[in-house]
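Visitor: I am new to reading protein structures, and I would like a close look at a single part, taken slowly. Could you choose one sheet, walk me through its strands, and then show me what packs against it?

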Amino acid sequence: MAYFGNNQQRGELQELYIDLNDLNFEKKKEAIKKVIAYMTVGKDVSQLFQSVIKCLEFQDIEMKKLIYLYIVNYSRQKPDDAIMVIQNFRKDVRKSENPLVRALAIRTFGCLRVPKLNEYLIEPLKDCIQDDDPYVRKTAVLCVPKVFEVSPELCPAILEQLQKLLEKESNALVLANLIQSMREIEVLYGKQLIILNPKIIQKLLLAVDECIEWGQIFILDYLATHDPVDSKQAETIIERSLPRLSHINPTVTFCAVKLILKYLDYLDNGDLVKNLCKKISPSIISLLSWNQPEIQYTILRNISLILQKFPILFENEVKVFFCSFNEPYYIKYEKLEIMVRICDSKNFLQVLNELKIYINEADPHFVRKTIKSIGKIAIMYDKALQEAVTILIEFAKNVQQANEPVQELFIQMQILYRKNRYLYKSNDSLKILFNILEYANEPEAKSACAWIVGEFAEFIPKSVEKMQEYIDHFLLEDRLVQLQLLTSGVKLYIKYPSLCSALIQQLINSAKDSFNPDVRDRTYIYWRLLSTDPELVKNLVCYQVKGSQQFQKDIRLWETKDLIIALENMGSISNLFHKLPNQLYKNIKVRNNHQKEAKIYKVDDKLESPSKEQQIKNDQQNQPPQQNQDLDLLNFEEPASNNNQSNNKNKIDVYDLI
Amino acid sequence: MFSQIFILSPRGDTIINRDFRSDLPKSTPETFFRQAKTYSGDANPLFTVDCIQFAHIKRGGLYIVGTSRFNLQPAMSLELLDRLAKEIKDFCGVINEEVLRKNFILIYEILDESFDFGYPQLMATEQIKPLIVNDPIQPQPDSVMNSLRPKIQTFNIFVPNTIGSQAVQRSVLNKNQANEIFVDIYEKLNVLFNSSAYVINQSIEGCIQMTSFLQGNPPLKLALNDDLQIGRQQGQYSAGVILDDCNFHECVNANELDMNKTLRIQPPDGQFVVMNYRISGDYAAPFRLFPIIEEISSSKIEVTIKLKACFDAKIIASYATIRIPIPKQTANAYTELVKNAQQETAEYDSNKKMVEWQIKKLNGGQERSLKIKLTLQATQTAHTARKEIGPIAMNFEIPMFNVSRLQIKYLRIEERGNTTNPHRWVRYITQSSSYVCRI
């Protein structure tokens, strides 16, 4: 069978060979088309190399295109044969009247990627860069990085030529290609090649107006990496890029947004900045209604980034981020995130009212995220607390089964109670929650329940029974739940010493031999504390904070210094993952940035000084770990170590923690 | 940028494979296809395997794929592939496996002009037309296979199902064609009502789309409403048409828009979007929905929905579909239409727990209503169940009508002296995007 198959293929090749060498032109052409068809499918037709390149002598451009396609594919397999083509190439480049042929030849030449052929290429390439026809020039310019990649040692003269071309080139498309190809070489070369001066910038800006859209992207993208020398220059560049904001291609618009946002930092004039922001935001919002959800998604991911630096852009625009019912869920999740970020002291009620409706959606995961968002907003704005509790309790009333949203409900309610203890009184919240306590099945939700039972034991009629139930299954629980049960158990014991003495004994007995060192340590600490000074334990464990606690959640996505790098890569795939490019790709080096602080553009007109921002951040870091609910590590380590050496000095800290 | 571009058949055979940078293994098409098959349903438009980014779109059942190892811009890559598909369609008339296989040389040509070293170059049909030497080969017109094939996907952003256009499925290279131009104004509505039919949020996404078969591509002048205004100031109310924002195709010169409300257009061949616009202000919603929910007993609920068409009586809306989610604990639902209702159906889908109400035709000014009688399972009471009803979502299409009142005053072909006066076709179409009433 194999023999038969081979034979047949050889037969096909044989036929093609005969046709290729036929004197009839049409027959040759048909044969070449067949060769290309085989090549596309992946059959090896490299044996016909000699016969194919013989056909190059015809001046038929269609035939030439086909043959070049063939040569590009097989030149690396047959470098020795490929040398024979060189003469033809050089002839095409030098002698042909037709710019199409010249460009075709140089384009194909660049794709050969055979080091020993490249030396023959340099001279024709130089000619083409100086060609009269822009079509040839634009092709030649892109040829340089192709050659540079394979044999950089041949290129210094050409690089100089490129720099000269940059100064005198007048065709927009050639300029755009030139910029792109020089940038590519810069990466390979590791040196800066493009030296911008005001004249060149002026020219690039002119080119943007005339260029095709992809060229506009190249140029805008390049200008966005440039640091303007002064406010005046920044202003000119911004002004010239403004019309791009209303381009139909979303990438062009987005590149313009990126450029302008970057240059805003360099402007001295505050009013101008405000006006510009007013012009940018409608464009970004239009991108959001782009008909492909995939593109909407990339824009949304980037907006959460932009928001951190430019809250001013979406002032009064929160409605834009309301979810419509027919959107894909990945868009809805992203919009939820943004709604939380965009929320401020003025519009939080509007946002909460919207979230209230999402709670009734069908998708449990979406509802869970909604509940989490409500919690986040309540933590940020004291005034929102009451409303948030009302919404969540209303939801709790209808809970009938253990599902995802219920888990989140417990977690968020616990955080809200921690923020303001007196919330337990409102809306019968405690009673309603207690009724559905059995639906908690995720460790985090269970530990939240355990906390609630311990904290509000005196207001829950059956708290001791409930705790007994938990402790009976102590060993089956997750570590997180065990730790919380310990603390809550001790709280109960202090509140009802006589009722709970058996209970605490059972608790300590089951926990003291735990394999988990954290659980074991905490057990011993409580045990010793209780046996030495119960009064101290009472002060420690049952400390009640007056009023609401001042903790907030840090919802910023990025560290300031990373934010700047991220903004420079706006729109790229790394930002889609909310990662820095070098975290995603090993081969990408990030430009070192010396700017340590980012200017934040707030709604209230005043530009907040970076130092203050830093201050807030530091404060937040010193906050107790309630905010780090996600990081369970912090949640138990600190109480344990702090309790161990509890003296008056760090008492306050400890109270907060428990 | 892109390292390779390839086109795969639905079975994973390579139809076109162009390697621009030779920096990736030759086996990427197989890698792609294997990965794409692991998704249930359509594959993600963008995914990564071994540090290689694959971006793809699906057209006519074919995968058009771009690969890269760079930090590319996802929005741009998808847009590029989409443009490429549009070019191929402009040249070949349609995209399907047979046509692509027959025209693979032409497609290599298109690819070579559109991309160099993976960077996009000339990507507009009329720009590369002079550079292409091959003619498209049309597939056998009336073969049985063709008629069996599902309808070819068009590149309309909006695909109307009421008025078919003669403009689709035609190659721009066909020289003997009528000298004509089609102008479509599409508007998609987003409206959110609360239960008392008060509008909470509304917006319009619209576009003016042209399909040009004008010979010699003469410059055009398109005039819009005199009372058009672009950019909304806060707290401003005006009787005119206010667009919040708009953007234009490259061939459009919008310098005179503010002054004379005219656009100067240098039309390319084939289909293109002249202008996209967005309106967030108040407009009269074409349909109003009035839901009434009554608890008859602890296990019975009655939902009455009234629909009112608030537009001119001459205009007819078509394919209006209204979906009403009902409680999961519903035991039975019974729908009741007005007596001798015509071209109207209401059905209860017990799997999805949804009532679907379809109205084939609805004249402006008319009212319709539907009554749904629900019987609940014993486990739930009417009081808690009623919260699960809704939101009501509506889909519709209204031909020859637009909500924004944006209008084309005239479309003038600037080049005089041409003996034949080209045909100009103008259509208006309004569709629902998200038309929702909360209960």
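Guide: What follows is a walk through one sheet of chain B, with a short look at some helices of chain A for comparison of how such descriptions work.

Please keep in mind from the start that this is a predicted model. Chain B, where the sheet is found, holds 8 helices and 26 strands, and of its 439 residues 56% are buried. If you take the contacts in chain B between residues at least 6 apart in sequence, 71% of them join residues at least 24 apart.

The sheet itself is an open one of 5 strands, which follow one another in the order β2-β1-β5-β4-β3 of chain B with antiparallel pairing. The edges are formed by β2 (14-19) and β3 (46-49) of chain B, and because each has a single partner strand, one side of each is left without a neighbour in the sheet. Between neighbouring strands of this sheet the turn is 20 degrees on average, with direction ignored.

Let us now look at strand β5 of chain B, which covers residues 62-68. Is this strand enclosed or open to the outside? Since 7 of its 7 residues are buried, β5(B) is largely enclosed by the rest of the structure. It helps here to recall a general point: in a regular strand the side chains alternate between the two faces of the sheet. In β5(B), B:Leu62, B:Ile64, B:Gly66 and B:Ser68 point one way, whereas B:Tyr63, B:Val65 and B:Thr67 point the other way, and all of these are buried.

The two neighbours of this strand can be taken in turn. Strand β1 of chain B, residues 4-8, pairs with β5(B) in the antiparallel sense over 5 bridges, and within that pairing B:Ile5 has B:Gly66 as its bridge partner. Strand β4 of chain B, residues 52-59, also pairs with β5(B) in the antiparallel sense, here over 7 bridges. If you follow this second pairing, you will find B:Ile57 opposite B:Ile64, and B:Gln53 opposite B:Ser68. The strands β4(B) and β5(B) form a hairpin with 2 residues between them, and in this hairpin B:Gly60 takes a positive phi near 55 degrees.

With the strands in place, we can turn to the helices that lie against them. Helix α4 of chain B lies across β1 and β2 of chain B and runs at about 30 degrees to β2(B). The sheet has a further helix to consider, and for that it is useful to keep the strand order β2-β1-β5-β4-β3 in mind, with β2 and β3 of chain B at the edges. Helix α2(B) packs on this sheet, where it touches β1, β3, β4 and β5 of chain B, and its direction makes about 40 degrees with that of β4(B).

These two helices also meet each other. The axes of α2(B), residues 74-92, and α4(B), residues 104-114, come within 11 Å and cross at roughly 135 degrees, which makes α2(B) oblique to α4(B). The crossing of the pair is right-handed. On the side of α2(B) the contact involves B:Leu84, B:Glu87, B:Ile88, B:Phe91 and B:Cys92, and these meet B:Leu106, B:Ile107, B:Ile110, B:Leu111 and B:Ser114 in α4(B). Sorted by class, the residues of this contact are 8 nonpolar, 1 polar and 1 charged.

The same way of reading can be tried on chain A. There, helix α20 (residues 384-397) and helix α21 (residues 404-419) pack at an angle of about 150 degrees with their axes 11 Å apart, which makes α20(A) roughly antiparallel to α21(A). Their crossing is left-handed, and the contact between them has 11 nonpolar, 1 polar and 1 charged residues. Helix α19 of chain A, residues 364-380, is another partner of α21(A), with axes that come within 8 Å and cross at roughly 5 degrees, so that α19(A) is roughly parallel to α21(A). The contact of α19(A) with α21(A) has 10 nonpolar, 4 polar and 6 charged residues.

Methods:
Residues are numbered from 1 along each chain as its sequence is written. Chains are lettered from A and ligands numbered from 1 in the order in which they are written. This is a predicted model: local features need pLDDT of at least 70, side-chain atom pairs count only at pLDDT 80 or more; totals for chains, interfaces and linings use all residues. Side-chain values use heavy atoms; hydrogens and water are left out. Axes are lines fitted to C-alpha atoms, for helices over the stretch in contact, and angles run from 0 to 180 degrees between N-to-C directions. Helices (H or I, at least four residues) and strands (E, at least two) are DSSP runs, numbered from the N terminus. Angles under 35 degrees count as roughly parallel, over 145 as roughly antiparallel, 65 to 115 as roughly perpendicular and the rest as oblique. A crossing is left-handed if the near helix is turned anticlockwise from the far one by less than a right angle, and right-handed if clockwise. Contact means heavy atoms within 4.5 Å. Ala, Val, Leu, Ile, Met, Phe, Trp, Tyr, Cys and Pro count as nonpolar, Asp, Glu, Lys and Arg as charged, and the others, Gly among them, as polar. Buried means under 20% relative accessible area, exposed over 50%, partly exposed in between (1.4 Å probe, protein chains only). Two strands pair if DSSP finds at least two bridges between them.
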